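Colleague: Got a minute to walk me through this one? I'd like to go over it piece by piece.

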Amino acid sequence: MEVTTQELKKDLDAKKKILLVDVRQPEEFNFVHLKNSVNIPLPELQNRISEIPKGKEVVTVCQHGNRSMQAAVMLHSLGYKARSLSGGIEEWALQVDTKMKRYDKEMYMNSGKVKCDVWEVKN
């Protein structure tokens, strides 16, 4: 039920029709996200399920892959073809787009606009 960063990159490069659903909070999404992804925070997913077309392949995304796996399991149970991005945005930034912004301790500690309790603080 997971897709690796390399597999997703290959699919996106091949113009495969995939709906990227970022299940992080809006503050996280606004800080950094994958191009063409839509933001539906995990706590809102069930109430916003109508925004996700049933016949489309869905890849859920979060920071490290935990919340996105929860979302993929929920979508799968409702009949969607859904997978979670293994390692999340962090793995994407390390393996695919090394110029992508990453969460770090300084950003987490000093920014009043970008803060979320679920983020892992990096040393």
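Colleague: What does the accessible surface of the chain come to?

Modeller: About 7,200 Å², and 48% of that belongs to carbon and sulfur atoms. Keep in mind that this is a predicted model.

Colleague: Okay, and how much of the chain is buried?

Modeller: Buried residues account for 42% of the 123 residues.

Colleague: How confident was the predictor, on average?

Modeller: The mean pLDDT of the chain is 88, with 84% of the residues at 70 or more. Over residues 113-123, though, pLDDT stays under 50. The model does have 27 contacts beyond four places in sequence for that stretch.

Colleague: Noted. How many helices and strands are there, and in what order do they run?

Modeller: 5 helices and 5 strands. Starting at the N terminus, you read β-α-β-α-β-β-α-β-α-α.

Colleague: And what share of the contacts join residues at least 24 apart?

Modeller: 60%, counting contacts between residues at least 6 apart in sequence.

Colleague: Let's move to α4. Which of its residues are buried?

Modeller: Gly 88, Ile 89, Glu 90, Trp 92 and Ala 93. They pack against α1 (5-13), β4 (57-61) and β5 (81-85).

Colleague: Glu 90 is on that buried list. Which side chain does Glu 90 make a polar contact with?

Modeller: With that of Arg 102, at 2.2 Å. The two residues are 12 apart in sequence, and their C-alpha atoms are 6.8 Å apart.

Colleague: Where does Arg 102 sit, and is Arg 102 buried or exposed?

Modeller: Arg 102 is in the loop between α4 (88-95) and α5 (105-110). Neither of your two words fits, because its relative accessibility is 35%, and that counts as partly exposed.

Colleague: What about Glu 91 in helix α4? What does Glu 91 count as, at 27% relative accessibility?

Modeller: Glu 91 counts as partly exposed, since 27% lies between the 20% limit for buried and the 50% limit for exposed. Leaving out neighbours within four places in sequence, Glu 91 is in contact with Thr 5, Ser 86 and Val 96. From Glu 91 to Gly 65 is 9.1 Å, C-alpha to C-alpha, with their positions 26 residues apart in sequence.

Colleague: Now the other arginine I flagged, Arg 24. Where is the place of Arg 24?

Modeller: In the loop between β2 and α2 (26-31).

Colleague: And is Arg 24 buried or exposed?

Modeller: Buried, because its relative accessible area is 0% and buried means under 20%.

Colleague: What does Arg 24 touch in there?

Modeller: Setting aside residues up to four places away in sequence, the list includes Phe 29, Val 61, Cys 62, Arg 67, Ile 89 and Tyr 103. Ile 89 is also one of the buried residues of α4. Val 32 is among the residues Arg 24 touches too, and the side chain of Arg 24 reaches the backbone oxygen of Val 32 at 2.4 Å.

Colleague: Is there a backbone oxygen by the side chain of Ser 37 as well, and which residue does that oxygen belong to?

Modeller: There is, from Leu 34: its backbone oxygen lies 2.6 Å from a polar atom of the Ser 37 side chain. Ser 37 is in the loop between α2 and β3 (38-39) and counts as buried because its relative accessibility is 12%. Beyond its neighbours within four places in sequence, Ser 37 is in contact with Leu 20, Asp 22 and Phe 29.

Colleague: Switching to pockets, what volume does the largest pocket have?

Modeller: About 400 Å³. The elements that give two or more residues to its lining are α1 and β2 (18-22), and α1 gives the most, with 3.

Colleague: Which residues lie nearest the centre of the largest pocket?

Modeller: Leu 12, Asp 13, Leu 20, Lys 35 and Asn 36, out of 16 lining residues. Leu 20 is also one of the contacts of Ser 37.

Colleague: Last one, Ala 82 in strand β5. Is Ala 82 buried or exposed?

Modeller: Buried, because its relative accessible area is 6%. Apart from residues up to four places away in sequence, Ala 82 touches Met 1, Val 58, Ala 72, Leu 75 and His 76.

Colleague: And how far apart in space are Ala 82 and Val 59?

Modeller: 5.7 Å, C-alpha to C-alpha, for two residues that are 23 apart in sequence.

Conventions: Residues numbered from 1 in each chain as written. Predicted model: local features only at pLDDT ≥ 70, side-chain atom pairs only at ≥ 80, totals over all residues. Heavy atoms only, no water. Helix = DSSP H or I, 4+ residues; strand = E, 2+ residues; numbered from the N terminus. Buried < 20%, exposed > 50% of the residue type's maximum accessible area, 1.4 Å probe, protein only. Contact = heavy atoms within 4.5 Å. Areas by Shrake-Rupley, 256 points an atom, 1.4 Å probe, with all protein chains shown as cover. Polar contact = N/O pair within 3.5 Å; in protein donor to acceptor, adjacent residues only side chain to side chain. pLDDT = per-residue confidence, 0-100. 1 Å grid on protein atoms, 1.4 Å probe; cavity = no way out; pocket = protein on both sides within 12 Å on 5 of 7 lines; lining within 4 Å. Points joined across faces, edges and corners; volume = space filled by probe spheres on them.
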